[in-house]
Amino acid sequence: MKAHAPLGPSSDPGDLEPLQTMLARLADLETQYDLARGRVQESSIDDALKHRTLARLDLRYRAERQTLVLQLAELHERHLSGLMRLRPTLH
């Protein structure tokens, strides 16, 4: 699975690129996980080793996914906060 540099804050609160990039990273992780699981399941290794390998793969996937989901939530929050600052207030 690819390592990606963390995303910094966008200077434009309306800029969706950081959110789109993070969603692409999440999709990439999902794809890589599915491919890795398929390779293990189709391999000719014995069932006990296959089970352990899948368990390790699953743990790594869940940890990486959790990190990405938390980063995505943070980006989303910053994006919404930036949009709220741009919104004119009505008095």
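Trainee: What does Arg60 count as at 44% relative accessibility?

Mentor: Start with the scale: buried means under 20% relative accessible area, exposed means over 50%, and partly exposed is in between, with a 1.4 Å probe and protein chains only. Arg60 has 44%, so Arg60 counts as partly exposed. Keep in mind that this is a predicted model, where local features need pLDDT of at least 70 and side-chain atom pairs count only at pLDDT 80 or more, while totals for chains, interfaces and linings use all residues. Residues are numbered from 1 along each chain as its sequence is written, and side-chain values use heavy atoms, with hydrogens and water left out.

Trainee: Okay, and what is the mean pLDDT of the chain?

Mentor: pLDDT is the predictor's confidence in each residue, from 0 to 100. Here the chain has a mean of 84, and 78% of its residues reach 70 or more.

Trainee: Where does pLDDT stay under 50?

Mentor: Over residues 1-10. The model does have 21 contacts for them beyond four places in sequence, a contact being heavy atoms within 4.5 Å. Where pLDDT is low, though, the predicted coordinates should not be read in detail.

Trainee: How many helices and strands does the chain have?

Mentor: Both are DSSP runs numbered from the N terminus: H or I of at least four residues for a helix, E of at least two for a strand. This chain has two helices and zero strands. Helix 1 covers residues 17-42, and helix 2 covers residues 47-86.

Trainee: Back to Arg60, then. Which residue forms a salt bridge with Arg60?

Mentor: For a salt bridge, look for a side-chain nitrogen of Lys or Arg within 4 Å of a carboxyl oxygen of Asp or Glu. Arg60 has Glu64 as its partner, with 3.7 Å between the closest N and O atoms. Both sit in helix 2, four residues apart, which is about one turn of the helix. With a relative accessible area of 27%, Glu64 is partly exposed.

Trainee: How many salt bridges are there by this rule?

Mentor: The count comes to four. Another one joins Asp58 and Arg62, whose closest N and O atoms are 2.8 Å apart. These two residues are also in helix 2, four residues apart. Arg62 has 52% relative accessibility, so Arg62 counts as exposed. Then there is Glu74 with Arg78, at 3.7 Å from N to O. Because Glu74 and Arg78 are four residues apart in helix 2, about one helical turn separates them. Glu74 is partly exposed at 46%, and Arg78 is partly exposed at 30%.

Trainee: How many aromatic pairs does a search of the whole structure find?

Mentor: You describe a pair of aromatic rings by the distance of the centres and the angle of the planes. Rings of Phe, Tyr and Trp (its six-membered ring) pair if their centres lie within 6.5 Å; planes under 30 degrees apart are stacked, over 60 edge-to-face, and the rest tilted. The search finds one pair. The rings of Tyr33 and Tyr61 have centres 3.7 Å apart and planes at 15°, so they are stacked. The pair links distant parts of the chain, with Tyr33 in helix 1 and Tyr61 in helix 2, 28 residues apart. Tyr33 and Tyr61 are both buried.

Trainee: Which residues touch the most other members of the largest nonpolar core?

Mentor: In soluble globular proteins, nonpolar side chains tend to be buried together. A nonpolar core is a set of buried Ala, Val, Leu, Ile, Met, Phe, Trp, Tyr and Cys residues joined through side-chain atoms within 4.5 Å. The largest one here has 13 residues, and Met22, Leu57, Leu68 and Leu72 touch the most other members. Helix 1 and helix 2 each supply at least two residues of this core, and the largest share, seven residues, comes from helix 1. Leaving aside neighbours within four places in sequence, Leu68 is in contact with Met22, Arg25, Leu26 and Leu29.

Trainee: And what does Gln71 touch, not counting residues up to four places away in sequence?

Mentor: Gln71 touches Met22 and Arg25. Gln71 is in helix 2 and is partly exposed at 24% relative accessibility. Gln71 and Met22 are 49 residues apart along the chain, with their C-alpha atoms separated by 7.8 Å.
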